[in-house]
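Trainee: Could you show me how to read a protein model, one feature at a time?
Mentor: Gladly! Let's open it and begin with a single residue.

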Amino acid sequence: MKFLKNLNMAVILLAVITTICFSPCFSMATEQNLVVISAMPVILPDPALAMDWYDLQVLYNLYSPLVYPTPEGTIRPHLAESWEPVDGKLDHWRFKLREGVKFHDGSELTSEDVEFSMNRFIEMKQGFSSILGKVTANAIDDYMIDFTLDKPNAIFPETLTLFFPLNKDLVLENIEDGKYGEFGDYGENWLLTHDAGSGPYVMARHEMGESMDAIRFTEYFLGWEDWEANEEPIERLKFIMETETSTLMMMLKNRQLHLEADGGFSRQVFKEIMESETLNLNQAFPQVITVWMNTKLPPTDDVHFRKAILYAYDYEAILGEYEPFGARETGIYPSTLPGYIKIPPQPRKQNLEKAKEELSLSKYNPADVKVVFHYCGGLEFEQEICLQLQADLSKLGINVEIVGPPWAQYEAECGNAETTPNLTIFRFPLNYISADSFIYFMYHPDNVGGIYAAHWYEDEDLGNLIGQTRETFDFEERHELYQQIQEKIAAQVLAFYPYEIPALFTSQSYLIGPKETFPVVGPTINMHNWRINLKTGK
Amino acid sequence: MGKHIILRILQAIVVLFGLSILIFFIARIIPGDPARLILGPLATNEQIKELTEEMHLDKPFVVQYYYWLTSLLQGDLGKSLYTRRSITTDLKMFVPATLELMFFSFVISLIIGQVMGVFAGYFRDSWFDNLFRVFSYIGIATPAFAIAIFALIIFSYTLNIAPAIGRIGLWLDSPPQITGLFVIDSILTGQWRTAFEAFKHILLPAISLAIANIAQEGRITRSSIIDNLQKDYIIAHKVHGIPTRIIIFKYLLKPSLVPTVSIMGLDFACLLANAFLVETVFMWPGISRYGVTAMLNKDLNAIIAVVLFIGILYSLMNLIVDIVVSYLDPRIRLQRGGI
């Protein structure tokens with residue numbers, strides 16, 4: 001029995017150790033003025049590599065773009081003070097830079113940095129560079145720079161919200177061997193764990209796949225204006241690479257996470273957050289839920305069959321569930337953008353009679369065909385649309401097969417017309433602040449295929465019309481063209497659009513912001529746009 | 001024994017070579033286009049084609065394998081398509097985190113499993129034995145990730161007494177890298193607060209990971225103890241009035257540990273398999289979490305590197321188990337010609 005006594009002693013010892021180790025964990029946000037933000041497992045904080053909204057959110061904190069989006073859907077000066085096409089030519093733009101902008105190492109930003117950064121961006125051919133096309137930069141003087149494009153582009157300044165100049169000297173000091181000749185690797189390896197920007201925060205540490213720390217840049221060129229009493233600028237940011245819902249919710253509830261910026265929660269979780277007194281649900285940029293119909297694959301190669309799907313879908317069934325979160329009817333591009341028009345079906349509801357009518361005009365007999373509908377495995381909001389359509393089409397006798405492959409497979413399937421399923425579903429935000437972000441990359445014949453254009457529809461006339469928008473400088477005139485384009489696309493039924501919904505971010509109530517909400521990805525999570533209330537956060 | 005070890009090392013090299021061929025081809029068969037994934041959804045067809053050629057993905061599998069093997073022999077595991085860094089840098093960062101987690105899990109399961117197994121076996125059918133039996137059934141049947149989530153809900157959320165994620169507090173900086181194991185590195189550099197924080201952070205994930213092994217090893221030790229208790233020499237010791245403590249630690253424990261040690265090699269590997277989900281739940285920046293991300297993103301070089309690392313670890317553990325078992329059981333040692 002001596003052993004049982006020893007066992008008791010061991011248990012007591014273990015209990016003491018456990019008590020010491022598991023002392024209460026408190027949130028350190030207000031004590032340290034530290035804000036913890038969730039991010040994806042891998043963040044690419046290099047302006048030439050960034051390719052997703054999560055990367056952009058980080059970039060807007062570390063770097064400054066040449067021009068900045070506005071909440072109203074236009075652009076405003078930022079690093080560039082003004083811009084204009086040279087001699088009215090839309091393939092030659094001149095930008096005047098703001099003077100006195102400092103990089104994080106204290107050196108001043110000049111047109112030489114901008115020239116280097118643009119050439120680097122284009123030469124590396126990654127990330128968002130394809131949006132800009134082929135661009136050559138030439139510094140005219142310290143604060144004046146010219147960009148020459150291979151084609152006229154009236155929307156070029158808008159695309160520069162995705163262009164973040166780097167500190168040339170700093171990058172060149174840190175180049176390693178690489179494939180870019182005298183520029184080695186263009187600083188690619190170094191820039192994964194360091195920054196060379198002029199944004200409101202400076203990268204302090206980046207452990208890839210784990211976390212990234214950034215501290216406030218007190219000499220940020222826009223300054224740190226006072227907000228209300230007790231609303232302080234955030235001194236330190238920590239992006240943590242975590243996406244597991246249960247862990248994130250736990251951290252939000254324990255105030256260990258202060259801003260959940262992935263917006264990847266399910267409807268149920270968002271409901272819970274809305275009911276919480278300590279958490280805020282913020283609406284940011286709109287995202288259009290789009291179901292592409294492959295026009296090269298039977299039976300969706302028949303326009304009447306596609307129209308039957310368009311009318312058979314019960315739009316109200318799912319939209320109603322998301323309305324409390326800001327969801328609404330949508331079309332070819334987000335309804336908040338200038339030039340948006342409503343497209344069929346109007347009113348936006350299920351019309352089985354019309355669907356049957358269209359089906360009778362189709363060359364396919366519903367009993368003889370199968371519609372294959374793929375969604376990205378694990379995304380609940382996509383799966384529920386698949387299931388809804390399956391139920392709706394069964395009323396017409398159409399069999400729908402639903403598959404949810406993982407992202408890598410799903411994306412690869414859409415790279416080829418033969419492997420793209422009949423229907424594929426995606427959620428698209430605006431990458432830059434223009435309808436062009438949707439129209440050009442989704443419907444221009446040069447960009448057909450891939451997830452942005454899994455309809456595989458090629459129409460030269462449509463391409464010419466879209467090309468015309470890029471040659472039209474006048475804002476109103478351009479939007480008239482967009483309206484014509486939307487009508488043309490809608491007539492071909494390349495997709496149906498269940499709803500649009502803002503990206504939803506969860507924040508602790510003592511985080512004040514965002515001061516401005518932007519319709520594009522990135523700037524809303526620029527933490528210069530937020531403050532922390534150190535009193536209420538205690 | 002020396003010959004035996006050399007033979008086992010040679011066998012391991014052959015196994016790893018076979019494994020590299022197998023995983024190289026499997027990684028390429030997994031659906032997905034690596035070039036498209038790297039360049040993002042807005043990439044042009046021209047960009048995708050260029051990168052495909054640059055990565056030799058347009059070449060036959062055998063040629064691709066030749067390029068990969070040539071680089072490997074020069075010590076270059078390639079570049080991760082997802083993190084954009086050299087795989088070696090990624091491994092240097094992620095492997096120590098997993099090793100630290102596995103080490104703590106292993107120690108916890110070793111100590112608690114053995115102690116519980118010995119007591120349950122010695123005091124067979126007592127309340128402790130019955131309790132342990134229930135615990136072991138639950139421990140073996142419940143997946144580690146489920147235990148991890150329960151632990152998170154109870155200790156981190158409800159009681160708020162344990163940190164939920166990461167290797168150290170969010171407001172602390174990592175200790176300077178010496179071994180890569182945070183607890184040890186912070187002790188070596190005299191950062192006591194960081195060491196304490198690192199220890200606190202590793203407890204929940206390590207315990208979640210260890211539960212199944214505690215149950216399994218405890219059960220095996222218990223059975224082994226019960227078997228050996230029936231042996232004549234133990235009965236003789238009891239009859240001669242030798243104290244229980246000496247019977248257990250001197251005469252009973254060593255022979256009873258042979259089956260447990262044999263299974264420990266597999267259990268250690270099992271820790272790595274379970275770590276895939278536990279690391280995700282606790283945001284533990286280890287090789288398992290890295291492996292999951294690599295597989296989901298068809299990061300070819302990273303997938304191969306992770307699988308090879310696991311293969312090396314398995315081979316190494318089996319070798320260590322062989323040596324330890326030989327030490328514990330003289331019959332095996334003698335069969336192999338002695339150490």
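Mentor: A useful idea to start with: a residue is buried if 20 or more other C-beta atoms lie within 10 Å of its own, exposed if 12 or fewer, and partly exposed in between. Keep in mind that this is a predicted model.

Trainee: Thanks! Is Ala204(A) buried, exposed or partly exposed?
Mentor: Ala204(A) has 15 other C-beta atoms within 10 Å. That count lies between the two cut-offs, so Ala204(A) is partly exposed. You will find Ala204(A) in strand 8 of chain A, which covers residues 201–207.

Trainee: Which residues does Ala204(A) touch, leaving out those up to four places away in sequence?
Mentor: Ala204(A) touches Asp213(A), Ala214(A) and Ile215(A). For a view across the chain, take Arg478(A): Ala204(A) and Arg478(A) are 274 residues apart in sequence and 44 Å apart in space, C-alpha to C-alpha.

Trainee: Now for sheets. What is the strand order in the open sheet of four strands?
Mentor: In chain A the order is 4-5-7-6, and the pairing is antiparallel. Strand 4 (80–85) and strand 6 (135–141) of chain A each have a single partner strand, so one side of each is left without a neighbour in the sheet. On average, neighbouring strands of this sheet are turned by 20 degrees against each other, direction ignored.

Trainee: How many bridges join strand 6 to strand 7 of chain A?
Mentor: Six bridges join these antiparallel strands, strand 7 being residues 144–149. To see the pairing up close, look at Thr136(A), which stands opposite Thr148(A) in strand 7 of chain A.

Trainee: Which helix packs on that sheet?
Mentor: Helix 4 of chain A, residues 111–124, touches strand 5 (92–97), strand 6 and strand 7 of chain A. The direction of helix 4 makes about 170 degrees with that of strand 6 of chain A.

Trainee: Where are the edges of the open sheet with the order 10-20-19?
Mentor: This antiparallel sheet of three strands in chain A has strand 10 (231–232) and strand 19 (511–512) at its edges, each pairing on one side only. Two bridges pair strand 10 with strand 20 (residues 531–533) of chain A, and Glu232(A) stands opposite Ile532(A) in strand 20 of chain A.

Trainee: Last one: how many residues of chain A are in contact with chain B?
Mentor: 51 residues of chain A are in contact with 45 residues of chain B. Several elements of chain A each supply at least two residues to that side, including helix 1 (2–21) and strand 11 (236–241). By class, the side of chain A that touches chain B has 28 nonpolar, 14 polar and nine charged residues.

Definitions and conventions:
Residues numbered from 1 in each chain as written. Chains lettered and ligands numbered in written order. Predicted model: local features only at pLDDT ≥ 70, side-chain atom pairs only at ≥ 80, totals over all residues. Contact = placed C-beta atoms within 7 Å. Nonpolar A, V, L, I, M, F, W, Y, C, P; charged D, E, K, R; others polar. Pairing = 2+ DSSP bridges. Axes fitted to C-alpha atoms, helices over the stretch in contact; angles between N-to-C directions.
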